[in-house]
Amino acid sequence: MANIIMFCILAVVILGSAVMCVTTKRIMRAATFMLFVLFGVAGLYFLLDYTYLGAAQISVYAGGVTMIYIFAIQLVSKRTLQGMVEKIKCSRAIGAALLSVVGLATVAFVFLKNEFMCRACEVVDAEVPIRTIGHALVGSEKYQYVLPFEFISIFLLACIIGALVVSRKVEEE
Amino acid sequence: MVPVQCYFVLSALLFFIGVYGFVTRRNLIAMLISIELVLNAVDINFAAFNRLLFPGLNEGFFMTLFSIGVSAAESAVAIAIILNVYRKFKSDTVDAISNLKH
């Protein structure tokens, strides 16, 4: 019962913040509402007993990615800070809403009509032990993930170098 | 115990809110924020599928973990490109970038 109440609170926070995030006209507010959505999703991971995943979500998304966005907003223009009014075309908004509703109806229909729901099992509230996660991350057996782990580290290095190269100030000759 | 349908409906709603934002907004950073919403919806789905339908296994868990890492890298590169676009075109909307078209 407590789980369901927590889920309802998190769902209201996530959906409300997401709607505000895409409809607000100021970019800074959109970034702030995105932060609330990210915290809500981290709460969902805690609710699913994936505490490691929730911690990763908070530290990487809420701590890192949101900071990047806020710095970019501050750097890009002064008028975004002072409430730049972004014009949203009415026809485009109606088209997008129609697209979203049709897609949502399709996805919800496929999900809710599916058979695999019946296989949902009662899970005991026990989190995945950190030893299992560590062994799976650096092991090379079946169902272990040393290759993607190393690939991610190389990928992050490549992205850091790429971002530096792209955003470097070019010297005027 | 939350029924598994609730997670699916929540993530589908979040996904299509993100799609709506991606189509309506014209600011590059706002579009990127909408993409983050979409990615988060997919991550919720991975975790919920793994936890509630296959509780003994950990594939969805690690998929979500790697997806978080990749999206952090993606947003760093995208922000670098947006800063460069702003420096070159003095604008931060997608309509300003039309050099590649002609």
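Reading from the N terminus, chain A runs α-α-α-α-α-α-α. That comes to seven helices and zero strands, in what is a predicted model. Of the 173 residues in chain A, 21% are buried. As for how the chain folds back on itself, take the contacts in chain A with a separation of 6 or more: residues 24 or more positions apart account for 51% of them.

Now for the partner. Chain A puts 68 residues into its contact with chain B, and chain B puts in 56. On the chain B side, the elements that give two or more residues are α1, α2 (28-53) and α3 (59-89). The biggest giver there is α3(B), with 19 residues. Sorted by class, the side of chain B that touches chain A holds 40 nonpolar, eleven polar and five charged residues.

One helix pair across the two chains can be described in some detail. Helix α5 of chain A (residues 90-112) and helix α1 of chain B (residues 4-24) have axes that come within 9 Å and cross at roughly 160°. Since angles over 145 degrees count as roughly antiparallel, α5(A) is therefore roughly antiparallel to α1(B). The crossing of this pair, α5(A) with α1(B), is right-handed. On the α5(A) side, the residues that meet α1(B) include R92(A), A93(A), L99(A), G103(A), L104(A), V107(A) and F111(A). Across from them, α1(B) brings in, among others, Q5(B), F8(B), L13(B), F16(B), Y20(B) and T24(B). By class, the contact of α5(A) with α1(B) breaks down into 17 nonpolar residues, four polar and one charged.

Then there is the nonpolar core. The largest one has 64 residues, and those with the most contacts inside it are C21(A), V37(A), L14(B), I29(B), I33(B) and A47(B). Both chains feed this core: at least two residues come from each of α1 (2-23), α2 (27-47) and α3 (51-76) of chain A, and likewise from each of α1, α2 and α3 of chain B. In soluble globular proteins, nonpolar side chains tend to be buried together.

L14(B), listed among the core residues with the most contacts, gives a local view. Setting aside neighbours within four places in sequence, L14(B) is in contact with I14(A), L15(A) and A18(A) in chain A, and with L37(B), N40(B) and A41(B) in chain B.

Note on methods:
Residues are numbered from 1 along each chain as its sequence is written. Chains are lettered from A and ligands numbered from 1 in the order in which they are written. This is a predicted model: local features need pLDDT of at least 70, side-chain atom pairs count only at pLDDT 80 or more; totals for chains, interfaces and linings use all residues. Axes are lines fitted to C-alpha atoms, for helices over the stretch in contact, and angles run from 0 to 180 degrees between N-to-C directions. Helices (H or I, at least four residues) and strands (E, at least two) are DSSP runs, numbered from the N terminus. Angles under 35 degrees count as roughly parallel, over 145 as roughly antiparallel, 65 to 115 as roughly perpendicular and the rest as oblique. A crossing is left-handed if the near helix is turned anticlockwise from the far one by less than a right angle, and right-handed if clockwise. Two residues are in contact if their C-beta atoms, placed from the backbone, lie within 7 Å. Ala, Val, Leu, Ile, Met, Phe, Trp, Tyr, Cys and Pro count as nonpolar, Asp, Glu, Lys and Arg as charged, and the others, Gly among them, as polar. A nonpolar core is a set of buried Ala, Val, Leu, Ile, Met, Phe, Trp, Tyr and Cys residues joined through C-beta atoms within 7 Å. A residue is buried if 20 or more other C-beta atoms lie within 10 Å of its own, exposed if 12 or fewer, and partly exposed in between; C-beta atoms are placed from the backbone.
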